[in-house]
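Please examine the model shown below. The discussion then takes the form of questions and answers.

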Amino acid sequence: AVVSTQSTGTISSNLLEKQFSQHGQDASTRFLFHPAVGDSPAAVAQHGLLPGDTPLNMSKYGTGLHLSRDAEYALHFTAVQRLLMCEVKVGEYCRGKPADTKPPVSEFGKQYDCCVNNVKDPEVFVLYDVMNIIPRYWIEF
């Protein structure tokens, strides 16, 4: 079953929707998957994703929210067959490290927007700012 999360009920979701529409969908916007651990569609619609929503065994590339390009990868981190499909502003990224608590600063002095597992072909994205993630769909198998 696929259920739309319709996350327009909160102020932060409204602000994020506005931000997304102002900038439009571009190369830095992707649809990514997150394991839906311990949540419900209603909770996600009300609050969005929270920093502690990433399973503990998903910290290989940093301590933020881990989202993946492929649904199959995200399913490896949940005991139940549930995923969230999210619209995500990934921006500029670099390779993450397990101890990262925020994206590092580039050699030009600008902080990256997120971390990834592989800069040339990223499969895992680690985000530290929940305002860059809109949960769109709750998927159950």
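The following exchange concerns the nonpolar core, an aromatic pair, salt bridges, cysteines and a histidine in this predicted model.

Q: Which strand gives the most residues to the largest nonpolar core?
A: The largest nonpolar core has 17 residues, and those with the most contacts inside it are Leu67, Val88, Phe125 and Ile133. At least two residues of this core come from each of strands E3 (65-68), E4 (82-89), E6 (114-116), E7 (124-127) and E8 (133-140). With 3 residues, the strand that gives the most is E4.

Q: Is Phe125 buried or exposed?
A: Phe125 is among the residues with the most contacts inside the largest nonpolar core. Its relative accessible area is 0%, and the cut-off for a buried residue is under 20%. Phe125 is therefore buried.

Q: What is the geometry of the aromatic pair formed by Tyr93 and Phe125?
A: The count of aromatic pairs comes to 1. In the pair of Tyr93 and Phe125, the ring centres are 5.8 Å apart and the planes form an angle of 90 degrees. Planes over 60 degrees apart fall into one class, so the geometry of Tyr93 and Phe125 is edge-to-face.

Q: How many residues apart in sequence are the parts that the pair of Tyr93 and Phe125 ties together?
A: Tyr93 belongs to strand E5 (residues 93-95). Phe125 belongs to strand E7, so the pair ties together parts whose separation in sequence is 32 residues.

Q: Which residues are linked in a network of salt bridges?
A: The structure holds 3 salt bridges. Arg69 forms one with Asp70, with 3.2 Å between the closest N and O atoms, and Arg69 also meets Asp121 in a salt bridge at 2.9 Å, N to O. The linked residues are Arg69, Asp70 and Asp121.

Q: How many residues apart are Asp121 and Arg69?
A: Asp121 lies in the loop between E6 and E7, while Arg69 lies in the loop between E3 and helix H3 (71-75). Asp121 is partly exposed at 48% relative accessible area, and Arg69 is partly exposed at 31%. Their salt bridge links distant parts of the chain, and the separation is 52 residues.

Q: Is Glu87, the salt-bridge partner of Arg136, buried or exposed?
A: The closest N and O atoms of Arg136 and Glu87 are 2.7 Å apart. Arg136 is in strand E8 and Glu87 in strand E4, 49 residues apart. Glu87 has a relative accessible area of 10%, and the cut-off is under 20%, so Glu87 counts as buried.

Q: How many disulfides does the count come to?
A: The closest cysteine sulfur to that of Cys114 is in Cys115, at 6.8 Å, which is too far for a bond. For Cys115, the closest cysteine sulfur is in Cys94 at 4.3 Å, again too far for a bond. Cys114 is buried at 0% relative accessibility, and Cys115 is buried with a relative accessible area of 0%. The count of disulfides comes to 0.

Q: How far apart in space are His34 and Ala71, C-alpha to C-alpha?
A: His34 lies in strand E2 (residues 29-35) and counts as buried at 0% relative accessibility. His34 and Ala71 are 37 residues apart in sequence. In space, their C-alpha to C-alpha distance is 8.0 Å.

Key:
Residues numbered from 1 in each chain as written. Predicted model: local features only at pLDDT ≥ 70, side-chain atom pairs only at ≥ 80, totals over all residues. Heavy atoms only, no water. Core = buried A, V, L, I, M, F, W, Y, C linked by side-chain atoms within 4.5 Å. Buried < 20%, exposed > 50% of the residue type's maximum accessible area, 1.4 Å probe, protein only. Helix = DSSP H or I, 4+ residues; strand = E, 2+ residues; numbered from the N terminus. Phe/Tyr/Trp six-rings, centres within 6.5 Å; stacked < 30°, edge-to-face > 60°. Salt bridge = Lys/Arg side-chain N within 4 Å of Asp/Glu carboxyl O. Disulfide = S-S within 2.5 Å.
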